[in-house]
Amino acid sequence: MGMEGNGTGRSRWLEINLQAIAHNVEQVRLLLKPGVRLMAVVKADGYGHGLVQTARVALARGATMLGVTHPEEGVILRESGINGPVLVFRPLLPGEEETIVAYRLTASLSDVQQAGRLAAAARRARQAVRVHTKIETGMSRTGFTPEALRGHVDELLQFPELIWEGIYTHFAAATDRAFTLHQFQTFMDLVNDLERRGIRIPLRHVCNSAALLLYPEMHLDMVRAGTVLYGQLPAGVTDVSLSLQDTWSFWARIVHLLPVIRGTTVGYGRTYRVRRDTVLAVVPVGYADGFGVDVTPRPAGFMDLLKVLVKTAGAFYGLPWGTCHVRINGKTAPVVGRIGMNLSCVDVGNIPEADIGMPALLPVRRTVLRESIPRVYRGLEEAKELRPMVSNLPA
Ligand SMILES: *Cc1c(COP(=O)(O)O)cnc(C)c1O
């Protein structure tokens with residue numbers, strides 16, 4: 001990462017490069033045929049980069065719609081002066097329809113009762129509301145099953161307050177070509193049925209980041225990109241003609257140095273024993289900040305299981321597999337011992353210049369890093385006026 005650790009006066013901070021997000025948005029747009037729209041998915045606080053900031057950048061660089069999970073996220077976008085279309089992915093609880101209508105958000109529909117409640121709210125406000133029907137094709141989460149939608153089409157068409165703007169589905173395992181083709185076919189069969197009945201829905205969309213890279217033939221009218229906009233390739237996708245830039249770096253300064261002799265154990269549970277005389281550096285981050293917190297899903301197959309076992313065994317025997325590394329003054333150093341609630345230890349035996357106050361660049365899972373970590377925005381002028389919205393930088 002090229003960005004310099006310079007969070008003046010802070011002990012830990014997150015540096016976000018909005019110029020890199022802008023670059024990534026442009027890269028993704030290059031993959032789309034003319035007329036295919038880009039939805040920028042900005043849920044989970046813009047994957048940790050700031051909801052409002054990333055939304056602004058994405059819209060400025062040609063995204064035509066934003067994707068969020070909750071209506072509240074849509075409200076924040078509107079209250080920040082963002083007027084572009086915002087699709088709320090999740091089903092609404094009874095009562096939340098008012099928010100959709102009042103803030104001119106676009107709702108996803110997963111059942112006909114929800115459609116009825118939304119239409120009623122729209123009627124009360126004397127306003128039309130845009131909807132995208134979500135179709136369940138293999139994720140087993142939200143959406144009408146194709147049979148349910150076929151059965152309810154006539155009812156849906158009876159609500160004049162609902163503008164049926166979109167129809168979409170979500171892939172469960174985009175790198176699994178056979179299953180994804182099955183989901184796509186199920187979706188297209190339904191869309192084609194509707195078209196035969198004279199119902200042409202303008203925005204058909206199925207692709208997340210992995211699918212938009214792997215299956216250009218599935219782009220349809222719009223793609224929904226999250227991961228790639230934030231500079232990462234989706235797991236299992238390699239070998240693409242996309243040059244993504246890093247958008248994010250997380251830094252903490254060394255607050256203490258402790259020389260230790262060979263055989264000393266480090267941290268809670270005494271899980272790690274140093275194998276040589278060395279120096280430990282303490283950095284003020286821990287799992288309460290989201291550092292070292294990972295999401296370990298159930299292994300997806302035998303090889304996946306093997307990987308998890310090897311990493312766990314490696315950690316048990318103090319081997320470097322699966323160890324988390326930081327960078328200090330451009331050099332690599334391992335995190336040793338258990339990551340604490342607020343403090344963690346790094347072995348800096350190979351970095352003699354390591355000193356109090358020196359910044360360490362830390363790896364972190366972006367969507368779990370706490371909002372209590374100050375965000376420092378760089379790269380675009382627009383960022384400056386946005387700072388007070390989501391970040392908690394001192395003025
Ligand atoms: C999160 C999400 C996306 C974006 O997924 P990425 O893999 O991060 O690109 C797209 N569509 C829906 C419905 C989502 O929930």
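Lys 43 reaches the ligand through its side chain, where an N or O atom lies 2.7 Å from a ligand oxygen; such a pair is a polar contact, defined as N or O atoms within 3.5 Å. The side chain of Ser 209 likewise places an N or O atom 2.5 Å from an oxygen atom of the ligand. In the side chain of Arg 224, an N or O atom is 2.8 Å from a nitrogen atom of the ligand. The protein covers 88% of the 390 Å² of accessible area that the ligand has on its own, with areas taken from the Shrake-Rupley method and a 1.4 Å probe.

The model is predicted: local features require pLDDT of at least 70 and side-chain atom pairs pLDDT 80 or more, whereas totals for chains, interfaces and linings use all residues. Residues are numbered from 1 along each chain as its sequence is written, and side-chain values use heavy atoms, without hydrogens or water.

The shell around the ligand, taken as residues with a heavy atom within 4 Å, includes Val 41, Tyr 47, Phe 89, His 170 and Asn 208. Its residues divide into 4 nonpolar, 5 polar and 2 charged; here Ala, Val, Leu, Ile, Met, Phe, Trp, Tyr, Cys and Pro count as nonpolar, Asp, Glu, Lys and Arg as charged, and the others, Gly among them, as polar. Helix α2 (43-47) and strand β9 (222-225) each contribute at least two residues to this shell. Helices (H or I, at least four residues) and strands (E, at least two) are DSSP runs numbered from the N terminus.

Strand β9 also belongs to a barrel, in which 8 strands close in the order β2-β3-β4-β5-β6-β7-β8-β9 with parallel pairing; two strands pair if DSSP finds at least two bridges between them. Neighbouring strands of the barrel are turned by 30 degrees against each other on average, direction ignored; axes are lines fitted to C-alpha atoms, for helices over the stretch in contact, and angles run from 0 to 180 degrees between N-to-C directions. Within the barrel, β5 (106-109) and β6 (129-135) are joined by 3 bridges, and Ala 107 stands opposite Val 131 in β6.

A further 9 strands form an open, mixed sheet in the order β11-β14-β17-β16-β15-β18-β10-β1-β19. Because β11 (256-260) and β19 (375-378) stand at the edges with a single partner strand each, one side of each is left without a neighbour in the sheet. Inside this sheet, β15 (325-328) and β16 (331-336) pair in the antiparallel sense over 4 bridges, with Val 326 opposite Ala 333 in β16. Helix α1 (18-30) lies across β1 (12-17) and β19, at about 35 degrees to β1, contact meaning heavy atoms within 4.5 Å.

Note on methods
Polar contact = N/O pair within 3.5 Å; in protein donor to acceptor, adjacent residues only side chain to side chain.
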